[in-house]
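Please look over this model with me. My notes are short and numbered, so you can check each one on screen.

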Amino acid sequence: MIRYEYGGDEFVFVELAEEMSLEANFRGMAITRKLRERQLPGILDICPSNASYMIRVDPDQLHPDALIAELKNLEESVSLDDFEISARLVDVPVLFEDPWTHEALMRFRERHQDPNSTDLEYAARINGFKSKGELIEAITGFPYLVSMVGFVPGLPWCYQMVPREQQIEVPKYVRPRTFTPERAFGFGGAFAVIYPVQGAGGYQLFGIAAAPIYDREQRLPDFKDAITFPKQGDIFRYRGITMDEYESIRKQVEDGTFRYLTKEITFTPDEVTENPQRFSENVLGRLYE
Amino acid sequence: MIHVLNPGLQTTVQDQGRIGYYEIGMPPSGAMDKYSYTIANLLVGNDENAAALEITYMGPTLEFRENTVIAVTGGEIPPKINGKPIPMWETVSVASGDQLSFDFVKQGARVYLAVAGGVDVPAIMESRSTYTLCGIGGFEGRALQQGDELRVGPVARESVRVGTRVPDALIPQFAKSHEIRVVIGLCSYRLTAESKQSFLSQEWTVTPEANRVGYRFKGERLGFVPREQPFGAGSNPSNVVDLGYPIGSIQVPDGVEPIALLNDAVTGGGYATIATVISADLNRMAQIKSNEKVRFVSVTLEEALQARSEVKDRIAHIKQAIAENGR
């Protein structure tokens, strides 16, 4: 059941589904794209999210009920059959079990479900993996759809493109940390994230991304047009790296020469949902061809 | 030029906000009490979106290095020029060398200082508002510090006669207990019927965690409808699949201590949102202090829109009065 809800007098929130799925995410993408094309006066923000979306309106120009009527029309008229996504495939290097996030997670042990394990050990155990290594393999073996951007500028929620039974799922911390290092790689619910800036956070901490996803000064070439890198619809592959490669990437970032390895891709939701495994394999082949 | 002799507790440059970037996770920032902020600008003849200073709890000491006109509005943190009280909600002239300081807060939490021409800082993503968490906008992306030199824009849009005053009836008063109107909705289906009732019937106490990011409230615990958590949501009954948070939305992590998200808040996350503060009352939220009491009152969308248009009417009325008597 789709829920259309008022967020006070300036927001309309639409919950497409209570549970996460690629289908719900693609549906939200398709509806919000159509809405954007209509260029209705009075719309201030269009925020597609994981299994829902949210619109900010100026109610003096567009009554929330008129917007909801429009959204219900779109819901009926939008079909995923003719919906194509043009996005980037991106290689995202991550150093797992790095000293910086390790220091942070050890500091907040008493806020965690299992104070006697690290976040990675705990997540491996509750997801039925024999070792941390196996969990890292599962995380890095298949790519992720950037299904939502937000929280703070540029944070990507990433949903792995594998069948449901293969999805990794972890709880958030019992009580959120007050500190998370910049670029920390975390996992919560069924989502992988990179924290763009230092701050509070409740996701399990597994590692650290070598390159930024937020660049306020726009020094790096990937940030020429925007201070944030991830966009909804992008496909990220998290690749485990060594400390040597980490340091070499950090140096390129400092020099201002780092660029993400990216490829353009156009795909349809069907290609993904019919056989996520095959789609993932094709995507990785293409990224590193 | 304005020279900062003492920055006060937290003084930031703000305008109407950085609108249109919510999608990338950028909150709007901007003046928290937009009614008071807008009127301060009108009293000095500025554009309604000119950058002004938002002053919190304890005011700064500022020295003007040019002759200009200013206006102070908002909660009552009594302003003084060279130690002598000056009126709030009124166009006031200052001379180069004058020092503006503030007494202790009497009511409310925030005041706005507008200066003719506006505070001249670079616009970042079309706004001069400060977003301190990411160091964006305002004066070097942060609250003011001792020794800062603020430039003032060259000219106000119009000149307003010194002594022009907002009619008393249009000056808001702030008590220590507050009724804040909300529209129930979003994921309110997650709360039990008793907890929905309890959310609206109990008197909440504002905790010390009350700032530009949000306000946290203490009271009785709220309960969620039991369910098998949907895939991807996380295990706590207050968790949902991560979604967008409206400005003013209220969430109750683990059922304990509701949080109302405000101008500098996170734009999304995985906690069920249950209600949203109406736009007219976001102005009043900005004037609430820690330890004060709040009751949430449920209103319909039409009532929220009515309240919104009443705020607009009051501002239009003041604009009219300034046009007639302030020139």
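The points below take chain B from its partner chain inward to its own domains.

1. Keep in mind that this is a predicted model. Each value below is computed from it or comes from a record.

2. Start where the two chains meet. Here 40 residues of chain B are in contact with 43 residues of chain A. On the chain B side, the elements giving two or more residues are β15 (239-244), β18 (268-271), β19 (273-277) and α4 (301-325) of chain B. Sort the residues of that side by class: 21 are nonpolar, 16 are polar and three are charged.

3. Now turn to chain B alone. Its domain assignment lists domain 1 (2-172) and domain 2 (177-306). The C-alpha centres of these two domains of chain B are 29 Å apart. Their contact draws 17 residues from domain 1 of chain B and twelve residues from domain 2 of chain B.

4. Which elements supply at least two residues each to the side of domain 1 of chain B that touches domain 2 of chain B? They are α1 (34-43) and β10 (107-115) of chain B. The largest share, three residues, belongs to β10(B). By class, this side of domain 1 of chain B holds eight nonpolar, six polar and three charged residues.

5. Compare this with the database record. An unreviewed UniProt entry places the feature "domain: Carboxyltransferase" at residues 23-315 of chain B. In the model, the end C-alpha atoms of residues 23-315 of chain B are 30 Å apart. That span is 14% helix and 30% strand.

Note on methods: Residues numbered from 1 in each chain as written. Chains lettered and ligands numbered in written order. Predicted model: local features only at pLDDT ≥ 70, side-chain atom pairs only at ≥ 80, totals over all residues. Contact = placed C-beta atoms within 7 Å. Helix = DSSP H or I, 4+ residues; strand = E, 2+ residues; numbered from the N terminus. Nonpolar A, V, L, I, M, F, W, Y, C, P; charged D, E, K, R; others polar. Domains from an automatic or database assignment. UniProt positions renumbered as here; feature names shortened; annotations may be inferred.
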